[in-house]
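This report describes a few local features of the model shown below. It begins with one loop residue and then turns to another loop and to the strands.

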Amino acid sequence: MIRIVIADDHQLVREGLVRLMGMEKDLQVIGVASDGEEAVALVERLRPHVALVDVRMPGIGGIGAARQ
């Protein structure tokens with residue numbers, strides 16, 4: 001099972017990605033964030049295999065979050 005954290009500042013995008021990932025039996029969304037700071041905290045706490053992060057978000061943003 002591949003564990004995923006999704007981070008995007010648009011609720012509709014987050015919900016759509018969660019639904020799409022939920023259709024695959026080998027993928028599990030374990031956390032959802034609405035900004036870069038929240039994404040970093042989730043990744044540190046949950047230790048997912050993959051973090052799917054929007055490049056442009058309020059605060060840190062995806063690239064800054066990936067660096068952290």
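Arg-47 is exposed, with a relative accessible area of 59%. In this predicted model, Arg-47 sits in the loop that links helix 2 (36–46) to strand 3 (50–53). Its phi is positive, about 50 degrees, although Arg-47 is not a glycine. Most residues other than glycine have a negative phi.

A second loop residue, Asp-8, lies between strand 1 (2–7) and helix 1 (11–22). Asp-8 is buried and has no salt bridge. The nearest side chain of opposite charge belongs to Arg-14, at 5.6 Å; a salt bridge would need a side-chain nitrogen of Lys or Arg within 4 Å of a carboxyl oxygen, so Asp-8 and Arg-14 do not form one. A polar atom of the Asp-8 side chain does lie 2.8 Å from the backbone nitrogen of His-10.

The two distances from Asp-8 are set out here.

| Partner of Asp-8 | Distance |
|---|---|
| Arg-14, nearest side chain of opposite charge | 5.6 Å |
| His-10, backbone nitrogen | 2.8 Å |

Leaving aside residues up to four places away in sequence, Asp-8 touches Val-13, Arg-14, Ala-33, Ser-34, Asp-54 and Met-57. One of these, Ala-33, belongs to strand 2 (residues 27–33).

Strand 2 pairs with strand 1 in the parallel sense, over 6 bridges. Within this pairing, Ile-6 stands opposite Val-32 of strand 2. The chain passes from strand 1 through helix 1 to strand 2, and this β-α-β crossover is right-handed.

Key: Residues are numbered from 1 along each chain as its sequence is written. This is a predicted model: local features need pLDDT of at least 70, side-chain atom pairs count only at pLDDT 80 or more; totals for chains, interfaces and linings use all residues. Side-chain values use heavy atoms; hydrogens and water are left out. Helices (H or I, at least four residues) and strands (E, at least two) are DSSP runs, numbered from the N terminus. Buried means under 20% relative accessible area, exposed over 50%, partly exposed in between (1.4 Å probe, protein chains only). Lys and Arg count as positive and Asp and Glu as negative; His and the chain ends are not counted. A polar contact is a pair of N or O atoms within 3.5 Å; within protein, one must be able to donate a hydrogen and the other to accept it, and residues adjacent in sequence count only if both atoms are side-chain atoms. Contact means heavy atoms within 4.5 Å. Two strands pair if DSSP finds at least two bridges between them. A crossover is right-handed if, with the strands pointing away from the viewer, the path from the first strand over the helix to the second runs clockwise.
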